[in-house]
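Hi,

Here is the structure I promised to pass on to you. Have a look at it first, and then read my notes underneath.

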Amino acid sequence: EAEDWLTIRYDEQQFLVRPELFKEIYTKPTFSFGDSVEEVMPAPGQYRQFGLVSDVFWDDATDTATYQIVQHKRKLPRVFKSSELQAD
């Protein structure tokens with residue numbers, strides 16, 4: 001039945017999740033969907049990457065988030081740590 005499920009929103013999508021599979025996180029990620037960010041220290045000789053946060057990945061083992069960003073409507077293949085990004 002519908003009341004046996006939680007509705008979770010991830011970016012523009014909604015998912016029904018069994019309550020026993022849902023785990024609340026207590027350490028708020030540094031960035032959220034749609035945040036404008038830029039790379040803090042690009043590799044030598046490389047341009048600084050920038051864009052909007054498109055995905056937030058949570059790692060239970062380390063209690064940290066990593067981020068994927070969209071630049072000019074294209075997802076960059078790299079996934080960034082919080083320390084590698086700053087608000088733009």
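Below is what turned up, going from the sheet to the core and then to the polar pairs.

One thing before you start: this is a predicted model, so please read everything here in that light.

**The sheet**

Start with the strands. Five of them make an open sheet, and its order is 6-5-4-3-7, with antiparallel pairing. Strand 6 and strand 7 (85-87) are the edge strands; each has a single partner strand, so one side of each has no neighbour in the sheet. On average, neighbouring strands in this sheet are turned by 45° against each other, if you ignore direction.

The pairing of strand 5 with strand 6 is a good place to zoom in. These two run antiparallel and share five bridges. If you want to check the register by eye, Tyr67 has Phe80 in strand 6 as its bridge partner, and Gln68 sits opposite Val79, also in strand 6. The two strands form a hairpin with two residues between them. Take a look at His72 in that turn, since its phi is positive, at about 55°.

**The core**

The largest nonpolar core has 10 residues: Phe31, Val37, Val53, Val56, Ala65, Tyr67, Ile69, Leu76, Phe80 and Leu85. Strand 4, strand 5 and strand 6 are the elements that each give two or more residues to this core. Strand 5 supplies the largest share, with three residues. You will recognise Tyr67 and Phe80 from the hairpin: they are bridge partners and both belong to this core.

Ala65 is another core member to click on. Leaving out residues up to four places away in sequence, Ala65 touches Pro29, Val56, Phe57, Trp58 and Ser82.

**Two polar residues in strand 4**

Now for Ser54 and Asp55. Both are in strand 4: Ser54 and Asp55. Are they buried or exposed? Asp55 has a relative accessible area of 8%, so it counts as buried, the limit being under 20%. Ser54 is at 9% relative accessibility and is buried as well.

What do their side chains meet there? The side chains of Asp55 and Ser54 are joined by a polar contact of 3.0 Å. The side chain of Asp55 also has a polar contact of 2.7 Å with that of Lys75. Beyond its neighbours within four places in sequence, Asp55 is in contact with Tyr10, Phe33, Thr66, Tyr67, Gln68 and Lys75. For Ser54, not counting residues up to four places away, the list is Asp11, Phe33, Gln68, Ile69, Val70 and Lys75. So if you select Lys75, you will find it among the contacts of Asp55 and among those of Ser54.

**Salt bridges**

How many salt bridges are there in the whole structure? The search finds five. Here are some of them.

Arg78 and Glu39 meet through their side chains in a salt bridge of 2.8 Å, N to O. This pair links distant parts of the chain, with Arg78 in strand 6 (residues 74-81) and Glu39 in strand 3, 39 residues apart. Glu39 is buried at a relative accessible area of 5%, whereas Arg78 is partly exposed at 34%. Glu39, Arg78 and Glu84 are joined into one network by salt bridges that share partners.

Asp60 and Lys23 form another salt bridge, at 3.6 Å from N to O. Asp60 is in the loop between strand 4 (50-59) and strand 5 (64-71), while Lys23 is in the loop between strand 2 (13-17) and strand 3 (36-39), so this salt bridge ties together parts that are 37 residues apart in sequence. Asp60 is exposed, with a relative accessible area of 52%, and Lys23 is exposed too, at 57%.

There is also a salt bridge between Arg18 and Glu20, whose closest N and O atoms are 3.4 Å apart. Arg18 is partly exposed, with a relative accessible area of 29%, and Glu20 is exposed at 58%.

Over to you now. If you open the model, I would begin with the hairpin of strand 5 and strand 6, and then go on to Asp55 and its contacts with Ser54 and Lys75.

Best wishes

How values were computed:
Residues numbered from 1 in each chain as written. Predicted model: local features only at pLDDT ≥ 70, side-chain atom pairs only at ≥ 80, totals over all residues. Heavy atoms only, no water. Salt bridge = Lys/Arg side-chain N within 4 Å of Asp/Glu carboxyl O. Buried < 20%, exposed > 50% of the residue type's maximum accessible area, 1.4 Å probe, protein only. Helix = DSSP H or I, 4+ residues; strand = E, 2+ residues; numbered from the N terminus. Polar contact = N/O pair within 3.5 Å; in protein donor to acceptor, adjacent residues only side chain to side chain. Contact = heavy atoms within 4.5 Å. Pairing = 2+ DSSP bridges. Axes fitted to C-alpha atoms, helices over the stretch in contact; angles between N-to-C directions. Core = buried A, V, L, I, M, F, W, Y, C linked by side-chain atoms within 4.5 Å.
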